[in-house]
Amino acid sequence: MRAGYSRAVSTPRAAIATLRSATEDGRLDDLCTRHGIRVLTVFGSATSPDGEPNDLDVAIVFEPDTEGDVIAVVNALIDLTDYEGIDVMDAGRAAPVARTRALVEAEALYESEPGAYAEARTAALLLEWDTAWMRQLALETLQR
């Protein structure tokens, strides 16, 4: 628990509902603008109607030439949602497969300008496809 943080712990489903509501009323726009975020998505088990998720996975892509502070983003999201089980992935620095999962198999909640999400999603797919041969080679090497 963060120092000075004493609010009740929410649930992953309540947290994602809060983020969706914050998308509609502009609170998420303000948070993302303050932190230099270009794209924000939610992905993973909390976006699926099946089962009970353990956490809320959030992916962010920072604006170009921005030194993003992931810890500050995590803290801002906790403050917004009253939920501490938020895992934030800096998708701009993530490995290709993780980046694709976070940006393609996801629900986009914020983009700083029209087309930013499509651009990030396309870049993730292209990177995964371009590096697939290296992952295949690594698997074949491990099987020897």
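Me: Buried means under 20% relative accessible area, exposed over 50%, and partly exposed in between, with a 1.4 Å probe and protein chains only. Which residues of strand 2 are buried on each side?

Reply: On one side they are Leu56, Val58, Ile60 and Phe62. On the other side they are Asp57, Ala59 and Val61, so by the under 20% rule both faces of strand 2 are covered. The model is a predicted one, in which local features need pLDDT of at least 70 and side-chain atom pairs count only at pLDDT 80 or more, while totals for chains, interfaces and linings use all residues. Residues are numbered from 1 along each chain as its sequence is written, and side-chain values use heavy atoms, with hydrogens and water left out.

Me: What makes a stretch of the chain a helix or a strand, and how many of each are there?

Reply: Helices (H or I, at least four residues) and strands (E, at least two) are DSSP runs, numbered from the N terminus. By that rule the protein chain has five helices and four strands. Their order from the N terminus is α-α-β-β-α-β-α-β-α.

Me: Why is Phe62 called buried?

Reply: Phe62 has a relative accessible area of 9%. The limit is under 20%, therefore Phe62 counts as buried. Phe62 belongs to strand 2, which covers residues 56-62 and has seven of its seven residues buried.

Me: What is Phe62 in contact with, leaving aside its neighbours within four places in sequence?

Reply: Contact means heavy atoms within 4.5 Å. By that measure the partners of Phe62, apart from those neighbours, are His35, Gly36, Ile37, Arg38, Gly68, Asp69, Val70, Val73 and Asp90. Between Phe62 and Ala116, 54 residues apart in sequence, the C-alpha to C-alpha distance is 11 Å.

Me: What makes strand 1 and strand 2 a pair, and in which sense do they run?

Reply: Two strands pair if DSSP finds at least two bridges between them. Strand 1 (residues 37-43) and strand 2 are joined by six bridges, so they pair. They run antiparallel, and Thr41 stands opposite Ala59 in strand 2. Strand 1 is also mostly covered, with seven of its seven residues buried.

Me: How do you know that strand 3 and strand 4 have partners as well?

Reply: The bridges are counted against the same rule of at least two. Five bridges link strand 2 to strand 3 (residues 86-90) in the parallel sense, where Leu56 stands opposite Ile86. Strand 4 (residues 106-111) pairs with strand 1 in the antiparallel sense, also over five bridges. There, Tyr110 is the bridge partner of Leu40.

Me: Why is Asp65 called exposed, while Asp82 is called partly exposed?

Reply: The relative accessible area of Asp65 is 86%, which is over 50%, so Asp65 counts as exposed. Asp82 has 27% relative accessibility, which lies in between the two limits, so Asp82 counts as partly exposed. Asp65 sits in the loop between strand 2 and helix 3, and Asp82 in the loop between helix 3 and strand 3. Phi of Asp65 is near 60°, a positive value in a residue other than glycine. For Asp82, phi is likewise near 60°.

Me: Why do Asp30 and Asn75 count as partly exposed?

Reply: Asp30 is at 47% relative accessibility and therefore stays within the partly exposed range. Asn75 is at 22%, so Asn75 falls in that range as well. Asp30 lies in helix 2 (residues 27-34), with its C-alpha atom 21 Å from that of Gly92. Asn75 is part of helix 3 (residues 70-81), and 9.3 Å separates its C-alpha atom from that of Ile86.

Me: How do you know that the radius of gyration of the chain agrees with a compact globule?

Reply: The radius is taken over C-alpha atoms, and the globule rule is 2.2 Å times the number of residues to the power 0.38. For 144 residues a compact globule would have a radius near 15 Å; the protein chain has 16 Å, which agrees. The C-alpha trace spans about 55 × 35 × 30 Å along its principal axes, and 40% of the 144 residues count as buried.

Me: What share of the contacts joins residues at least 24 apart?

Reply: Among contacts between residues at least 6 apart in sequence, the share is 70%.
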